[in-house]
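Trainee: I would like a close look at one part of this model, the open space that could be of interest in a computational study, together with whatever surrounds it.

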Amino acid sequence: MGFRRLLFAALALTASQAIAQSYPTKAVRVIISFTPGSATDIVGRLVTAKLSEYWGQPVVAENRAGAGGSIGSNVVAQAAPDGYTFLINSNAHVVNPAIYAKLPYETASDFTDVAPLAEQPNVLVVSAGAPHKSMADLLGYAKANPGKLNFGHAGIGSGTHLNTVKLISATGIDVVQVPFKGTPEVVAAILSGSVDCYWVPISAGIANVRAGKLRALAVSTAKRNAQLPDLPTTTEAGVKGADFALWFGLWGPGKLPADIASKVNADVRKALADPGVRDKLVALGNAPMDMSSAQFAAFVRSEIDETKRIAAAAGIKPQ
């Protein structure tokens with residue numbers, strides 16, 4: 001009986017390895033959980049295009065935005081774990097459990113953590129015609145005029161939402177938060193005067209900053225970014241405890257075969273190291289990330305715990 005179990009296990013392992021070696025044999029669908037032109041979309045499409053080259057198969061990116069990325073996430077959570085459906089999301093993936101009391105999936109168990117992609121700062125921006133010339137100006141106005149500053153973000157549970165919460169918690173300002181489906185919609189609202197400011201992901205906002213359409217006041221990370229070297233960090237601008245990095249990752253459905261997850265992880269890491277992909281990411285203010293699937297899984301769980309701590313400290317109760 002023991003021998004038969006061992007034989008069956010060996011045959012199953014051999015079959016699994018054979019599948020991974022030939023994978024993929026058809027088009028792969030990748031759900032991107034935010035709108036076209038968002039930072040998640042920009043980073044995701046650079047990577048999926050390179051994966052398509054490696055695999056010799058179409059890698060079809062599909063935007064399914066809304067509810068802080070959870071709509072797209074749910075599509076993948078419900079998909080068959082066969083390696084032909086993946087999710088690209090921002091750290092909204094780890095924010096949502098702290099924001100929503102009831103999600104249609106379980107973040108910790110309904111996904112396979114495959115690989116991180118890149119991280120970048122958000123940039124606090126206002127319109128070029130706004131009176132605020134610095135972060136101190138903006139915060140001074142907010143403190144003198146409670147409830148009059150409209151602060152946009154890319155949806156409840158998004159990384160830009162959490163960044164906004166951290167700034168509010170660190171400074172005690174009273175602002176009106178205005179959620180949108182994604183970054184392009186928030187930027188359009190700033191340019192039209194509908195909202196006053198936004199923590200725009202650098203990759204999605206740098207073109208408008210350089211074109212003079214948006215005025216940048218600070219970066220959200222602890223260090224300055226090489227693409228906007230003269231822009232101060234939040235700490236340098238006088239605010240402590242509001243540092244925040246936006247990052248992106250790739251997930252499969254829960255119970256994705258380990259051999260497929262390992263292959264995809266290796267190919268994603270190869271893509272991120274490719275000069276053509278890496279240089280484009282860096283030019284947009286990103287730092288490519290490099291982790292095994294196991295390292296990424298540990299990182300995701302620590303980020304879930306940290307996000308819950310931040311939300312609790314800010315008095316946010318899941319709803």
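Trainee: Which element gives the largest share of the lining of the largest pocket, and how many residues does it supply?

Mentor: The largest share of that lining comes from α11, which supplies 5 residues. This is a predicted model, in which local features need pLDDT of at least 70 and side-chain atom pairs count only at pLDDT 80 or more, while totals for chains, interfaces and linings use all residues. Residues are numbered from 1 along each chain as its sequence is written, and side-chain values use heavy atoms, with hydrogens and water left out.

The word pocket has a precise sense here: on a 1 Å grid over the protein atoms alone, a pocket is an open set of points with protein on both sides within 12 Å along at least five of seven lines, a cavity is a set where a 1.4 Å probe fits but cannot get out, and lining residues have an atom within 4 Å of a point. Grid points are joined across faces, edges and corners, and a volume is the space filled by probe spheres set on the points. The largest pocket has a volume of about 470 Å³, and of the 28 residues that line it, E119, Q120, T221, F244 and A245 are the closest to its centre. At least two lining residues come from each of β4, α6, β9 and α11 (293–313); helices (H or I, at least four residues) and strands (E, at least two) are DSSP runs, numbered from the N terminus. By chemical class the lining of the largest pocket divides into 12 nonpolar, 9 polar and 7 charged residues, where Ala, Val, Leu, Ile, Met, Phe, Trp, Tyr, Cys and Pro count as nonpolar, Asp, Glu, Lys and Arg as charged, and the others, Gly among them, as polar.

Helix α6 takes us on to the second largest pocket, whose volume is about 240 Å³. The residues closest to the centre of that second pocket, out of the 13 that line it, are I99, H161, V165, Q177 and I316, and α6 gives the most to its lining, with 4 residues. That lining divides into 7 nonpolar, 5 polar and 1 charged.

A search of the whole structure also finds 1 cavity of 30 Å³ or more, with a volume of about 90 Å³. This cavity is lined by 14 residues, of which F34, T40, A154, T183 and P201 lie nearest its centre, and the elements that give two or more residues to its lining are α2 (39–55), α6 (159–171), β7 (197–201) and β9 (245–253). The residues of this lining divide into 7 nonpolar, 7 polar and no charged.

Helix α6 has a further role in the chain path, as the link between two paired strands. Strand β5 (residues 150–153) and strand β6 (residues 176–179) run parallel over 4 bridges, two strands being taken to pair if DSSP finds at least two bridges between them, and V178 in β6 is the bridge partner of G152. From β5 the chain crosses through α6 to β6 in a right-handed β-α-β crossover, a term that applies if, with the strands pointing away from the viewer, the path from the first strand over the helix to the second runs clockwise. The other pairing to note for β5 is with β7, parallel and joined by 2 bridges, where G152 stands opposite Y198.

Strand β9, which lines both the largest pocket and the cavity, is joined to β3 by 4 bridges in the antiparallel sense, with I88 opposite L250. In β3 (residues 85–90), 6 of its 6 residues are buried, that is, under 20% relative accessible area with a 1.4 Å probe and protein chains only, against over 50% for exposed and values in between for partly exposed. After β9 comes a loop leading to α9 (258–273), and K255 lies in it; K255 has a positive phi near 65 degrees although it is a residue other than glycine, and it counts as exposed because its relative accessibility is 78%.
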